[in-house]
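Please open the structure in a viewer and keep the selection tool at hand. The tour proceeds by stops, each with something to select and a description of what is there.

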Amino acid sequence: MTKRINQNVVDLPTAKIKEAVNKLQTPFFIYDENKIRKNCQTFSQTFADKFPGFAPLFAVKANTNPDLLKIIFSEGFGADASSEAEAWIAHKLGQWGMYTGNYTKEDEFKFVKKCNLMINLDDISMLPTLKKIGMPEFISFRINPGISKGGMKSLFFAGPDAKYGVPAEGVVDAYRKAKRMGVKRFGMHTMTGSNVLDEKYFPAVAGKLLDLAAELKNKLKIDLEYINIGGGFGVPYKPNEKSLDLNKVVNGLRKVFNQKCKEHNIKEPTLMAEPGRWIMADTGWLIGKVNVIKDSYKKFAGIDCGMNDLPRPAIYDAYHHITVLGKSLKARQEKINIVGRLCENNDQFAKERLLPKIKIGDHIVIHNAGAHAYAMGHNYNNRPRSAEYLIKTKGGFKKIRRAETIEDLFKTTNIS
Ligand SMILES: Cc1ncc(COP(=O)(O)O)c(C=O)c1O
């Protein structure tokens, strides 16, 4: 029996967040343990129903907080790491997983090998470096199958303009060379775009990989042990935006796997995926307090966090749903820009957004702040980054990261 899966950007644990703003100093990120567990279980179960050996990884880059990673790993996810630090934290937490770097240095490969992660190579040109440090027995290549899709142009990760992956026409050469260099076991990986809401796209990508798997079987006698279709599972950012129907995605994948494995007479590889956004986006919120209200050519509400905390609106012009804590969206509304305190004019979370009338001291809630949010943050303008809290399933809040201090910002420099 398939369950309808709906993600809704408007959902908010309002009572808990009200309790949090009474107890905690703003600004802060707050995450809901219950929601994280539910998303993990729904994702894994939906896939496992149709792909019994399904092996999910979590894209650590989406949210790297160790307390949150422990929750996700305890739900059966491995780690998808893309840097030394991500490999390090996965290893430190005793986790299995895969490393997908790009333009990787020799030292980084050495480090990742010590962390016992599977290596997923971005290109044939990296084989000699890997050989130099000791060729692993089992590797995969990230493939650029020539097609891409994403929630916006900057989230397209494949096709001719993308810096990632082995082009489809180079795949046989890459695996041939790896086999000659001593690799015995192989998988295949791709990651073609992020925040995709089109269910048909995932089976289309998998179909291309299965065609390539058949070529490897025919030309090199390689049986791929897994196909990792990456992340990219989209979530609604606007209240009326549709949710990705994960059942449709998985049914489509099942169909293409049945069809292609039969047509090409290949053994079915294990299916893997490495979502970030789908697991974490709607489980976290960034809470800021209104400091200043300014009437200029437009009306601005200045809050005590900024693009340094959540850079997506500034760098992608991305839309984030915003509410005013305790005020109904149906209340008397006015058009207002919600802005941060950085000296950058793109430090604006919303422009001319219709919101309930805002007063100094109101709490602004920025939704979908659980993925690619804190993790993308920075310290421009020497703004320390905010604290993170967890709403525990068993009740209460846990501080899972303290706010940075001014001293933190300068601790790697010589002051005296
Ligand atoms: C290699 C790789 N895997 C997985 C992800 C996670 O993507 P998403 O958060 O869209 O699921 C990313 C995101 O950039 C990625 O680069």
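In which helix is the place of R254? The model is a predicted one, and in it R254 belongs to helix 9, which comprises residues 246–264.

**Stop 1: R254 and N258**

Select R254 and display its side chain together with that of N258. The two side chains are joined by a polar contact of 2.8 Å. Is R254 buried or exposed? R254 counts as buried, because its relative accessibility is 15% and the cut-off for burial is under 20%.

**Stop 2: the ligand**

Next, select the ligand and display the residues around it. The ligand sits in the largest pocket. Its surroundings consist of 14 residues, of which S194, G232, E274, R277 and H372 come nearest. By class, this shell divides into five charged, five polar and four nonpolar residues.

Which atoms should be picked for distance labels? Begin with E274: one of its polar side-chain atoms lies 2.7 Å from a nitrogen atom of the ligand. Continue to the backbone of G276, where an N or O atom is 2.9 Å from an oxygen atom of the ligand. Then pick R277, which has a polar backbone atom 2.8 Å from an oxygen atom of the ligand. With the protein in place, 93% of the 390 Å² of accessible area that the ligand has on its own is covered.

**Stop 3: I36 and M280**

Now select I36, which lies in helix 2, residues 33–50. With a relative accessible area of 0%, I36 is buried. Add M280 to the selection and label the C-alpha distance. How far apart in space are I36 and M280? Their C-alpha atoms are 6.4 Å apart, although 244 residues separate the two in sequence.

**Stop 4: N65 and R401**

Move to N65, located in the loop between strand 2 (55–59) and helix 3 (66–74). The relative accessible area of N65 is 0%, and N65 is therefore buried. Select R401 as well: the C-alpha atoms of N65 and R401 are separated by 7.8 Å, with these positions 336 residues apart along the chain.

**Stop 5: backbone geometry**

The remaining selections concern backbone torsions. As background, most peptide bonds are trans, and most residues other than glycine have a negative phi.

Select T26 and P27 and inspect the bond that links them. The peptide bond from T26 to P27 is cis, with omega near -5 degrees. P27 is found in the loop between helix 1 (14–23) and strand 1 (28–32).

Proceed to K221, in the loop that runs between helix 8 (201–220) and strand 9 (226–228). K221 is not a glycine, yet its phi is positive, near 55 degrees. Is K221 buried or exposed? Because its relative accessibility is 69%, K221 counts as exposed.

Finally, select N368, whose place is in the loop between strand 16 (363–366) and strand 17 (387–391). N368 also is a residue other than glycine with a positive phi, in this case about 55 degrees. The relative accessible area of N368 is 2%, so N368 is buried.

To close the tour, display K221 and N368 together: K221 counts as exposed, whereas N368 is buried.

Technical notes
Residues numbered from 1 in each chain as written. Predicted model: local features only at pLDDT ≥ 70, side-chain atom pairs only at ≥ 80, totals over all residues. Heavy atoms only, no water. Near = heavy atom within 4 Å. Polar contact = N/O pair within 3.5 Å; in protein donor to acceptor, adjacent residues only side chain to side chain. Areas by Shrake-Rupley, 256 points an atom, 1.4 Å probe, with all protein chains shown as cover. 1 Å grid on protein atoms, 1.4 Å probe; cavity = no way out; pocket = protein on both sides within 12 Å on 5 of 7 lines; lining within 4 Å. Sits in = over half its atoms within 2 Å of the grid points. Nonpolar A, V, L, I, M, F, W, Y, C, P; charged D, E, K, R; others polar. Helix = DSSP H or I, 4+ residues; strand = E, 2+ residues; numbered from the N terminus. Buried < 20%, exposed > 50% of the residue type's maximum accessible area, 1.4 Å probe, protein only.
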